[in-house]
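Student: Hi, could you walk me through this model? I'd like to begin with the metal site.
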Amino acid sequence: MKILAIGAHPDDIEYGCGGLLIRGADAGHEIFLHVLTDGSATTDADRKTEQSTAAEMLGAKELFWGGFKDTGLVQNRELIVALENIIKKVNPDVVLVNAPGDAHQDHEALANCAVTACRYQKRVLFYHDYTTLNFQPDTFIDIGDVLDRKRALLACHASQVNKQNPTGLDLLESVGALAAYYGFMAKVRYAEAFRPLRNLIEPI
Ligand SMILES: [Zn+2]
């Protein structure tokens with residue numbers, strides 16, 4: 001199976017669905033990453049290198065860059081076409097992407113454009129990113145066995161781990177808190193959560 005994960009910035013994908021991707025790669029699925037911006041708006045750090053390191057750790061088959069300006073994503077034809085081009089190239093079985101309803105304009109623009117770009121995709125799941133709002137998931141994956149590896153994946157984004165936020169939690173702690181919360185909802189110890197745009201399933 002081919003899994004395409006899309007994120008507005010370096011670290012979005014690892015934060016939202018790193019556990020699913022680790023489990024997917026372990027199961028022999030092919031992982032493709034599409035990151036729309038280089039995340040350079042608020043830091044001098046080389047976030048493209050951080051993202052490449054994470055992709056390598058994940059064993060991703062390919063990492064695509066959108067080349068858009070960080071904080072400059074808007075819901076327009078250009079972004080939709082960029083997403084469509086990678087979807088055509090990869091021909092994924094599953095697409096994972098930022099969720100509509102997000103306090104960051106890049107996440108919001110990407111999510112809305114993805115709804116259009118994925119209009120013929122049979123399995124599209126929105127993930128919970130750092131600034132997602134009003135997220136009501138109904139689809140979960142158990143990441144209890146891979147949470148430490150998810151943290152290691154996120155730690156590749158070293159410039160982001162201690163970035164300022166009002167909770168006092170660093171990036172790795174916050175992802176652990178989310179995993180425990182969604183684990184409680186999913187009736188396992190730790191989980192990642194998703195909201196499907198569309199989810200074609202097989203007979204159970
Ligand atoms: Zn982001």
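Student: What spacing do the donors of the zinc ion follow along the chain?
Tutor: The spacing is H-x2-D-x94-H. Donors here are N, O and S atoms within 2.8 Å of the metal (3.2 Å for Na, K and Ca), and water is not among the atoms, so sites may look incomplete. This is a predicted model, where local features need pLDDT of at least 70, side-chain atom pairs count only at pLDDT 80 or more, and totals for chains, interfaces and linings use all residues. Residues are numbered from 1 along each chain as its sequence is written, and side-chain values use heavy atoms, leaving out hydrogens and water.

Student: Which protein atoms are the donors of the zinc ion?
Tutor: They are His9 (ND1), Asp12 (OD) twice and His107 (NE2), lying 2.0 to 2.6 Å from the zinc ion.

Student: Are His9 and His107 buried or exposed?
Tutor: Both are buried, meaning under 20% relative accessible area with a 1.4 Å probe, protein chains only.

Student: Switching to H7, which residues does the helix cover, and what is its span?
Tutor: H7 runs over residues 171–186; helices are DSSP runs of H or I, at least four residues, numbered from the N terminus. At 1.5 Å a residue, its 16 residues should span 22 Å, and the end C-alpha atoms are 22 Å apart, which agrees. The expected span is 1.5 Å times one less than the number of residues.

Student: And which of its residues are buried?
Tutor: Among them are Leu171, Val175, Leu178 and Tyr182.

Student: What comes just after H7?
Tutor: Lys187, with a positive phi of about 65 degrees.

Technical notes: Helices (H or I, at least four residues) and strands (E, at least two) are DSSP runs, numbered from the N terminus. Buried means under 20% relative accessible area, exposed over 50%, partly exposed in between (1.4 Å probe, protein chains only).
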